[in-house]
Amino acid sequence: MKTINIHEAKTHLSRLVEEAAEGQEIIIAKAGKPRARLVPFRSQVEPRKFGSMRGKIKIPNNWDDPLPDEILRAFGVKP
């Protein structure tokens, strides 16, 4: 891991981006305090699959029933 100040980062941004693309992590600091991290871009490894939770989640038949009065009052709603 490499730490550099903002001025140096602005001056050498192209080189730093190439270093990050090669796998190096670069911390950009202001007045010695870390402010940002430059890391290599990684595309999403596997696209999301619709239906992957099928059979793992159960929704009860009464999921859309009105809320009980005490819960409505807790939210400031008149029952």
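Accessible areas here come from the Shrake-Rupley method with a 1.4 Å probe. Rolled over this chain, which is a predicted model, that method gives about 7500 Å² exposed, with carbon and sulfur atoms supplying 55% of it. Let's walk through what the chain is built from and how its parts sit together.

**The big picture**

- The chain contains three helices and three strands, and reading from the N terminus you meet them as β-α-α-β-β-α.
- If the 79 residues made a compact globule, you'd expect a radius of gyration near 12 Å, but this chain comes out at 25 Å.
- Its C-alpha trace spans about 60 × 35 × 15 Å along the principal axes.
- Just 13% of the 79 residues count as buried.
- Take the contacts with a separation of 6 or more: 19% of them link residues that are 24 or more positions apart.

**The sheet**

- The three strands make an open sheet, ordered β1-β2-β3, and the pairing is mixed.
- At the edges you'll find β1 and β3, each with a single partner strand, so one side of each has no neighbour in the sheet.
- Going from one strand to the next, the twist averages 35°.
- β1 and β2 run parallel and are joined by four bridges; look for I4, whose bridge partner in β2 is I28.
- β2 (residues 26-30) and β3 run antiparallel, with five bridges joining them; here A29 stands opposite P34 of β3.
- The hairpin of β2 and β3 has two residues between its strands, and A31 takes a positive phi near 55° there.
- How many of the six residues of strand β3 (residues 33-38) are buried? The number is zero, so this strand lies largely in the open.

**Helix α2 and its two sides**

- Helix α2 (residues 13-21) has three buried residues to find: L16, E19 and A20.
- Viewed down the axis of α2, these buried residues fall within an arc of 100°, so they line one face of the helix.
- Swing round to the other side of α2 and you'll see S14 and A21, which are exposed.
- What do the buried residues of α2 pack against? They pack against β1 (2-5), α1 (6-11), β2 and β3.
- The helix α2 lies across β1, β2 and β3, and it runs at about 165° to β1.
- After α2 comes G23, which has a positive phi, near 115°.

**A closer look at E19**

- You'll find E19 in helix α2.
- Is E19 buried or exposed? Buried means under 20% relative accessible area, and E19 counts as buried because its relative accessibility is 16%.
- Setting aside neighbours within four places in sequence, E19 is in contact with K2, Q24 and I26.
- E19 and G32 are 13 residues apart along the chain, and their C-alpha atoms are separated by 21 Å.

**Worth remembering**

- The sheet order is β1-β2-β3, and helix α2 lies across these strands.
- L16, E19 and A20 are the buried residues of α2, while S14 and A21 are exposed on its other side.
- The radius of gyration of the chain is 25 Å, against the value near 12 Å for a compact globule of 79 residues.

Methods
Residues numbered from 1 in each chain as written. Predicted model: local features only at pLDDT ≥ 70, side-chain atom pairs only at ≥ 80, totals over all residues. Heavy atoms only, no water. Buried < 20%, exposed > 50% of the residue type's maximum accessible area, 1.4 Å probe, protein only. Pairing = 2+ DSSP bridges. Arc of directions from axis to C-beta. Contact = heavy atoms within 4.5 Å. Axes fitted to C-alpha atoms, helices over the stretch in contact; angles between N-to-C directions. Rg over C-alpha atoms; globule rule 2.2 N^0.38 Å.
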